[in-house]
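Visitor: Could you take me through a close look at one part of this model, the aromatic ring pairs and what surrounds them? I would enjoy a connected account with the geometry included.

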Amino acid sequence: MSSEPLYGTPRVHRDPIGPLVAPLVRATTSGQPDTEALRACGAGERSGDFYQRVGHANGRQFESLVAELEGADGAVAFASGMAAMTAAILTFAGAGNRVLIAEEIYGGTSGLANVDLPRFGVHVERFSSLDLSTLDRALQRPARLVVFETPINPTLRVIDLRAVTDRCRELGVLSILDGTFAPPPIQRALQHGVDLVVHSATKFFGGHSDVLAGVVAGRHALLTSIDGFRRRTGAILAPDPAWLLCRSWPTLPLRLQAQQAAAMELALRLRELVGRGPIVGVSYPGLPEHPDRAVIERQMSGGGCVVSFEVAGGLPRARAVLDGFHVIARAASLGGVESLATLPAFTTHAALDAAARARAGIPDGLIRVAVGLEGAAILFEDVVQALAH
Ligand code: PLP
């Protein structure tokens, strides 16, 4: 893993004179100085505020922060992570096109792949990102794009970005990564050849469990098309959540650093219980024995902020442990300042039966903890007392 300091993340650049926080502009439309300006704005020949669905100051501020963080030409922000992923796919794939979507992907994206894309005539083929020979086979026929995720939820396996993007680039296939679980500087996906990185900004970028948002970052040529799709379909991020995301930005590196350090410590402490109690195994990309260690060293600067562990006794025991938490909230999502726990068997992977979950490496006793800012000692104590229930 690189030793790049988390504090090196770009901050919001402020003029120290005048209001230190950008104003929130809720106006849906802006008066133009003359008819020619109105015409030029409408024709897209002139930038600036015109109509909120086309773009607005708070959204642009958030997009430029994401672009800078990702080292991208730009970014396009949406009303949710799923709106961002939908736009990234549907901008480039339509009826008759083949798209390749990893089995190991967020449940919402799986739903889009299985239910909606086929309704629009898009041919969806799933592959296993854990076995890239399945991608090689799928790429033997023309495809428009590949969608995958790393680190993978909830197993926290890590996929080799270069291995996927080199294959795609050689064939002119677009690569789209869901990078939600490891935002920069933990993982700089675009530097590893990914064409478009999508984030649920609801998670770490928002960071306070009070904003729903999504964003796509990449090269200008691709983003111009995505921006056009957003104008036509209308899922733009609104000014209020955009303002909140900018509010969250200066603390992003601090939150990531503290949450990641706590996740590492929690994983190490939980690992000490393996074989000596009810914990069967711990999965965390920061652990030296992680099966994808070599890939992690190449493409991540830390293990991230999510830890999964398996308790003996399957679903009944995992339920009891979850019910026993006093500090860790039983809640979906991740990336906020509060630690949250879920049972993947009941949430993201409930649609699979126990055997299919086991094949995907998700035992029923698996508990996912998204680590917040309470501190590792408090979280460990909470797990230990819950295990005693
Ligand atoms: N991708 C991942 C990995 C997620 O965890 C989520 C939400 O949980 C999404 C995408 C969808 O984001 P949103 O809920 O902002 O639409």
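Guide: Happy to; here is a walk through the ring pairs, followed by some other side-chain and ligand contacts. Please keep in mind that this is a predicted model.

A pair of aromatic rings is described by the distance of the centres and the angle of the planes. With ring centres required to lie within 6.5 Å, the count comes to 3 aromatic pairs. Take Phe-62 and Phe-205: their ring centres are 6.5 Å apart and the planes meet at 70 degrees, so this pair is edge-to-face. Phe-62 belongs to helix 2 (residues 57-70), while Phe-205 sits in the loop between strand 6 (196-200) and strand 7 (214-218), so the pair ties together parts 143 residues apart in sequence. Phe-62 is buried, with a relative accessible area of 0%, and Phe-205 is buried too, at 1%.

Phe-62 also pairs with Trp-249: here the centres are 5.9 Å apart and the planes are at 80 degrees, so this pair is edge-to-face as well. Again distant parts of the chain are linked, since Trp-249 lies in the loop between helix 8 (239-248) and helix 9 (252-271), 187 residues from Phe-62 in helix 2. Both Phe-62 and Trp-249 are buried. Put together, ring pairs link Phe-62, Phe-205 and Trp-249 into a cluster.

Rings also meet charges in this model. The charged end of Arg-119 sits over the ring of Phe-120, 5.0 Å from the ring centre. Likewise, Arg-230 places its charged end over the ring of Phe-78, with 6.0 Å to the centre.

Now for the ligand. It is surrounded by 14 residues, and the closest are Gly-81, Asp-178, Ser-200, Thr-202 and Lys-203. For three side chains, an N or O atom can be paired with a ligand oxygen atom: the distance is 2.8 Å for Ser-200, 2.6 Å for Thr-202 and 2.7 Å for Lys-203. On its own the ligand has 390 Å² of accessible area, and the protein covers 88% of that.

One more polar side chain rounds off the tour. Ser-308 is found in strand 9 (residues 306-311) and is buried, with a relative accessible area of 1%. The side chain of Ser-308 reaches the backbone oxygen of Pro-154 at 2.6 Å. Leaving aside residues up to four places away in sequence, Ser-308 touches several others, among them Pro-154, Leu-156, Gly-281 and Arg-368.

Technical notes
Residues are numbered from 1 along each chain as its sequence is written. Side-chain values use heavy atoms; hydrogens and water are left out. Rings of Phe, Tyr and Trp (its six-membered ring) pair if their centres lie within 6.5 Å; planes under 30 degrees apart count as stacked, over 60 as edge-to-face and the rest as tilted. Helices (H or I, at least four residues) and strands (E, at least two) are DSSP runs, numbered from the N terminus. Buried means under 20% relative accessible area, exposed over 50%, partly exposed in between (1.4 Å probe, protein chains only). A charge sits over a ring if NZ of Lys or CZ of Arg is within 6 Å of the ring centre and within 35 degrees of the ring normal. A polar contact is a pair of N or O atoms within 3.5 Å; within protein, one must be able to donate a hydrogen and the other to accept it, and residues adjacent in sequence count only if both atoms are side-chain atoms. Contact means heavy atoms within 4.5 Å. A residue is near a molecule or strand if one of its heavy atoms lies within 4 Å of it. Accessible areas come from the Shrake-Rupley method with a 1.4 Å probe; for residues, only the protein chains shown count as cover.
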